[in-house]
Amino acid sequence: MIVEAPIDLELTQLSGQTSQPPWMEVDNCYSNVVLVDGEPVVFNLRQAGDFLDFNFRGNVSQKKAISKLSYIFDLDFDLNKFYKYLGNHAELAEMSKFCNGLRLFLAPDPFECIISSICSANNSIKRWTKSISQIKCNWGNQYGNYYTFPQSKDLLNVYLDEEQELNSSNIQNISMCNNNLKSCGVGYRAPYMRMASEMFTGEIDFREIFAMDYDEAFETILKVPGVGPKVADCILLYGFNFREAFPSDVWIKRIVSHLYFDGKDMSVAKVRDFGMEEFGNNAGYVQLYLFHYARKSGLMSKLK
DNA sequence: TCGCAGGTAGAAC
DNA sequence: GTTCTACCTGCG
């Protein structure tokens, strides 16, 4: 089936958005299992010209499968209208040329994005995606070659490190202990992840966050250990589909400063305020495009 | 070897 | 409120 919405699937997959690792890729076909109304559905995606060609197998209607796919790849968003918006702003006009077809890559379930985003802090894309894939292998459900991301309750009692696993299980040799968070390479973020699992199993309900306004949702997510302003904005953008988020890190700071403030040094917090004010509901997309424009145009190495 | 990787927590001004 | 520093870990 073809979805007639322009997209660059490879660019979107490999753009390092902290919703989830890229899907499994074989010969330009991207596949993964996704829970749709609790039912495991395996999707196979392929680039077909400017559009997306896909098929699925699972016990759900075609309508529901398309709806889920459209949510994850944000297919209802009008890219051409967004490109007109970019074209009307001198500072942004170049970007669509370098990022044509790039879309948001949203998490099928917010919890995966929460853990992925915590994992991404002070980390490289390569390393956090590897860690998240390992977490799926260890504690997710397996369907063929694919794994779902575990639910928050599934991570409540995981061991934090090898030592804890050795002391609490009947494994004799510490080198055999590989069913703990630190063995996934998450380092000091392990306790953050387990505490986040506790909070989202008990005191915080996802549905409430979807219903909140931005500031309230931001303050709520900020209470989770390991979540600062940058990670909170990522979680709200990629996990909860808040389009007005403008996740600001050291790179966005350099790029915004270069494009809008003549290279003047400014705090990440000020850049965040500026982005949200300036771009409104397009803030999430502009942030995504700024980062990849800087990467692809060579601006990033110039600003380094 | 050493610094860096799409930051955060905790403490000190 | 804003600024400073240590921090798991794998890679170059």
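This talk describes the overall form of chain A, one of its helices, its surfaces near two DNA strands, and two of its loops.

Good morning. The structure is a predicted model, in which local features need pLDDT of at least 70, side-chain atom pairs count only at pLDDT 80 or more, and totals for chains, interfaces and linings use all residues. Residues are numbered from 1 along each chain as its sequence is written, while chains are lettered from A and ligands numbered from 1 in the order in which they are written.

I begin with the whole chain. Chain A holds 15 helices and 7 strands; these are DSSP runs numbered from the N terminus, with at least four residues for a helix (H or I) and at least two for a strand (E). Its radius of gyration is 20 Å, close to the 19 Å that the globule rule gives for 304 residues, so chain A is as compact as a globular protein of that length. The radius is taken over C-alpha atoms, and the rule is 2.2 Å times the number of residues to the power 0.38. Along the principal axes, the C-alpha atoms fill a box of roughly 65 × 45 × 35 Å.

The domain assignment divides chain A into domain 1 (2–75), domain 2 (110–239) and domain 3 (250–303); such bounds come from an automatic or database assignment. Between the C-alpha centres of domain 1 and domain 3 there are 29 Å.

Next, the interior. Buried residues make up 38% of the 304 residues in chain A. A residue is buried if 20 or more other C-beta atoms, placed from the backbone, lie within 10 Å of its own, exposed if 12 or fewer, and partly exposed in between.

How many residues of helix H5 (residues 110–120) are buried? The count is 11 of its 11 residues, among them Phe111, Ile115 and Ile118. They pack against helix H6 (125–139), helix H8 (190–201), helix H9 (206–211) and helix H11 (229–239). Leaving aside neighbours within four places in sequence, isoleucine 118 is in contact with Arg189, Tyr192, Met193, Ala196, Gly226, Val227 and Val231; contact requires C-beta atoms, placed from the backbone, within 7 Å.

I turn to the DNA. Of the 22 residues around DNA strand B, Ala121, Asn122, Gly228, Lys230 and Val231 come nearest. A residue is near a strand if its C-beta atom, placed from the backbone, lies within 6 Å of it. H11 gives the most to this surface, with 3 residues. Around DNA strand C, the residues include Asn122, Arg127, Lys182 and Tyr188.

Asparagine 122 also deserves a remark on its backbone. Just after H5, asparagine 122 takes a positive phi of about 50°. Most residues other than glycine have a negative phi.

Two further residues have a positive phi. Aspartate 37, with phi near 50°, is found in the loop between strand E3 (29–36) and strand E4 (39–48). Why does aspartate 37 count as exposed? The reason is its 11 C-beta neighbours inside 10 Å. Aspartate 262, with phi near 55°, is in the loop between helix H12 (250–260) and helix H13 (268–279). Aspartate 262 counts as exposed because it has 7 C-beta neighbours inside 10 Å.

Thank you for your attention.

Note on methods:
Two residues are in contact if their C-beta atoms, placed from the backbone, lie within 7 Å.
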